[in-house]
Amino acid sequence: MTTAAGTKRVSGTLRRMSTPPPVRGRRTRSARWLILIPLVLASVLAACDSTTRAGQGSTSSVPTQLEPGDVVSPSPAPGSAPGTIALARAKIKHIVFVIKENRTFDTLFGRFPGADGTTQGTTCDGSTIPLRHAADSLPDEGHSFFDGITAVNGGRMDCFEPGGYVQYLAADIPNYWAYAQRYALADEFFSSVYGPTGIEHLWTFASQSDRFIDHERPGQFGLGSREFCDDPLETALAFSQTSQQQEQALYQAENEGSRGLTQIRDSLVSRWPCFDVTVLPDLLQRHGISWKEYRGANPWVQPLRMVRHVRFSGMYRNVVREGDFVKDLSAGTLPAVSWLTPAWALSDHPPASICAGENWLVDEMNALMRSRYWSSTAVVVTWDDFGGFYDHVAPPHVDLYGLGPRVPAIIISPWAKRGFIDHQTLEFASVLRFIETIFGLPPMTSRDASANDMLGAFDLRDPPRPPLILRPRTCPPA
């Protein structure tokens with residue numbers, strides 16, 4: 001699929017390069033120039049290929065800031081115009097950040113009209129194969145930090161697990177498509193890191209992970225289950241504190257795909273996943289802005305249980321059951337900012353039914369749209385990581401952590417542009433920047449400071465869009 005208005009996309013390989021294109025000279029009728037042109041083009045293509053295969057080519061193309069949390073009091077990059085921000089603040093009083101699991105854009109929306117999708121994928125051996133029709137329930141493919149690096153493969157996007165080359169049709173997920181058609185769909189939205197779930201969710205609160213790149217694995221559980229700050233015997237993998245030169249070498253290793261994994265693994269240390277970093281709820285509380293995390297039962301999704309000062313303070317009382325979201329809508333007690341995640345079986349994480357997960361979202365959105373809050377709310381729905389599934393768009397390589405592979409994002413709001421496809425580069429930190437912009441908060445790290453504020457997806461001058469009440473589907477048998 002191509003983008004709206006025939007916008008030409010930059011290829012996955014070139015978007016990870018910083019080498020500028022060659023400058024074209026004036027035309028000449030001289031025959032010798034006609035002979036030289038193919039030679040010049042050949043040398044340029046050879047140089048591009050050499051740079052791509054070396055990752056970023058040289059340390060001069062490596063970003064200066066590779067650890068987002070090291071930036072103290074970052075200044076936000078320019079955002080939307082002051083008039084647009086003022087309108088947004090007048091219309092949007094509540095933001096709900098919904099995070100589901102383990103799907104890429106091409107898996108769910110690769111056939112969506114006008115979006116940057118595809119129906120075929122490239123494999124490690126260079127073959128091009130069609131994306132097979134996805135079943136309602138699929139096997140769980142590898143989606144760790146290392147799996148993400150392998151799949152991206154320096155921007156080639158060609159080393160996904162064999163089972164990941166699948167795709168849904170509109171008829172398979174009609175309500176996800178209905179939201180995308182009525183409201184706004186982002187087709188350049190990426191996960192913050194290469195994976196996996198536990199760490200991705202931490203980035204949706206902190207725009208960093210205190211150098212952690214994984215959640216606990218077998219052998220690291222301590223007392224027997226994921227308890228984070230409640231179990232000092234637990235460990236998880238993290239980058240060690242290192243020099244800028246060593247960070248640059250690791251960045252280059254990530255561009256080598258699977259060939260760089262040994263170097264990356266050798267740089268990691270095991271630490272107790274209990275630490276103190278600034279999270280967005282800190283800023284919200286400091287400014288008197290209400291918030292809650294509505295969290296379904298899921299041992300992998302407990303981000304604030306990793307943050308010591310949240311876990312062992314009154315702040316943790318704001319971490320409530322997912323079912324309280326609908327109750328608060330009815331009671332008139334919805335906070336200004338909400339994080340909403342379903343229980344694991346309804347999260348879209350394979351092998352769970354994607355139909356059941358879609359029905360969960362329909363129930364939550366129907367409740368919101370029938371409530372007093374619809375007219376003043378913006379919802380961003382996204383998926384936490386790529387789940388091992390294929391996507392053809394290479395993520396920008398902004399620091400040691402990613403970005404990770406592209407995931408879908410739907411902006412559901414009476415103020416979202418109808419049927420709009422947002423082609424701006426976005427990630428989880430963009431949702432945090434959106435919240436910070438609406439409520440006048442400073443950024444926490446270099447990631448949210450430089451992120452897009454997402455206001456381009458909203459039409460704040462026209463009348464609000466009406467609710468879209470959908471009917472849950474009857475799901476296929478398990």
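Which residue forms a salt bridge with Arg-217? I looked this up at the start, keeping in mind that the model is predicted, and found that the partner of Arg-217 is Asp-214, with the closest N and O atoms 3.0 Å apart. I then checked how far each of the two is covered: Arg-217 is partly exposed, at a relative accessible area of 31%, whereas Asp-214 counts as buried at 7% relative accessibility. My note beside this entry is that side chains of opposite charge can pair when their charged atoms come close.

**Entry: the chain as a whole**

I next took stock of the protein chain, whose secondary structure comes to 14 helices and 16 strands. Of its 478 residues, 57% are buried. I also looked at contacts between residues at least 6 apart in sequence, and 84% of these join residues at least 24 apart.

**Entry: other salt bridges**

The structure holds 18 salt bridges, and I followed some of them individually. The side chains of Lys-100 and Asp-348 meet in one of these, at 3.3 Å from N to O. This pair links distant parts of the chain, since I find Lys-100 in strand E1 (residues 94-100) and Asp-348 in the loop between strand E12 (337-341) and helix H12 (354-369), 248 residues apart. I asked myself whether the two are buried or exposed, and both Lys-100 and Asp-348 turned out to be buried.

I then turned to Arg-406 and Asp-106, whose side chains meet in a salt bridge of 3.0 Å, N to O. Here too distant parts of the chain are linked, with Arg-406 in the loop between strand E13 (377-383) and strand E14 (409-412), and Asp-106 in helix H3 (residues 105-109), 300 residues apart. Arg-406 is buried, and Asp-106 is buried as well.

I also noted a network of salt bridges that links Glu-67, Arg-211 and Glu-247.

**Entry: helix H5**

How many of the 9 residues of helix H5 are buried? I read off 7 of the 9 for this helix, which spans residues 174-182, so H5 is largely enclosed by the rest of the structure. The buried residues are Asn-175, Tyr-176, Trp-177, Ala-178, Tyr-179, Ala-180 and Arg-182. When I looked for what covers them, I found that the cover includes E1, H3, strand E6 (184-186), H12, E13 and E14. Two of these names had come up in my salt-bridge entry, E1 as the strand that holds Lys-100 and H3 as the helix that holds Asp-106.

**Entry: helix H4**

I went on to H4, which is mostly covered, with 7 of its 8 residues buried. These are Phe-145, Phe-146, Gly-148, Ile-149, Thr-150, Ala-151 and Val-152. The buried residues of H4 pack against strand E8 (236-239), helix H7 (244-254), helix H8 (261-266) and strand E9 (268-271). Phe-145 and Phe-146 came up again when I looked at the rings, as they belong to one aromatic cluster together with Tyr-194, Trp-203, Phe-239 and Tyr-401.

**Entry: aromatic pairs**

I recorded a count of 21 aromatic pairs. Phe-160 and Phe-386 form one that is edge-to-face, with 6.1 Å from centre to centre and 70° between the planes. The two rings come from distant parts of the chain, Phe-160 from the loop between helix H4 (145-152) and strand E5 (166-167), and Phe-386 from the loop between E13 and E14, 226 residues apart. I checked their accessibility as well: Phe-160 is buried at a relative accessible area of 7%, and Phe-386 is buried at 1%.

**Entry: Pro-414**

Where is Pro-414 placed? I located Pro-414 in the loop between E14 and strand E15 (420-422), and at 1% relative accessibility it counts as buried. Leaving aside neighbours within four places in sequence, I listed the contacts of Pro-414 as Trp-374, Ser-375, Thr-377, Pro-463, Pro-464 and Arg-465. For Pro-463 I also noted the spacing, which is 49 residues in sequence and 8.3 Å in space from Pro-414, C-alpha to C-alpha.

**Entry: the second largest pocket**

Last, I looked at the second largest pocket, which has a volume of about 230 Å³. The pocket is lined by 19 residues, of which Gly-69, Val-71, Gln-208, Met-444 and Thr-445 are the closest to its centre. Sorted by class, the lining has 7 nonpolar, 6 polar and 6 charged residues.

Definitions and conventions
Residues numbered from 1 in each chain as written. Predicted model: local features only at pLDDT ≥ 70, side-chain atom pairs only at ≥ 80, totals over all residues. Heavy atoms only, no water. Salt bridge = Lys/Arg side-chain N within 4 Å of Asp/Glu carboxyl O. Helix = DSSP H or I, 4+ residues; strand = E, 2+ residues; numbered from the N terminus. Buried < 20%, exposed > 50% of the residue type's maximum accessible area, 1.4 Å probe, protein only. 1 Å grid on protein atoms, 1.4 Å probe; cavity = no way out; pocket = protein on both sides within 12 Å on 5 of 7 lines; lining within 4 Å. Points joined across faces, edges and corners; volume = space filled by probe spheres on them. Nonpolar A, V, L, I, M, F, W, Y, C, P; charged D, E, K, R; others polar. Contact = heavy atoms within 4.5 Å. Phe/Tyr/Trp six-rings, centres within 6.5 Å; stacked < 30°, edge-to-face > 60°.
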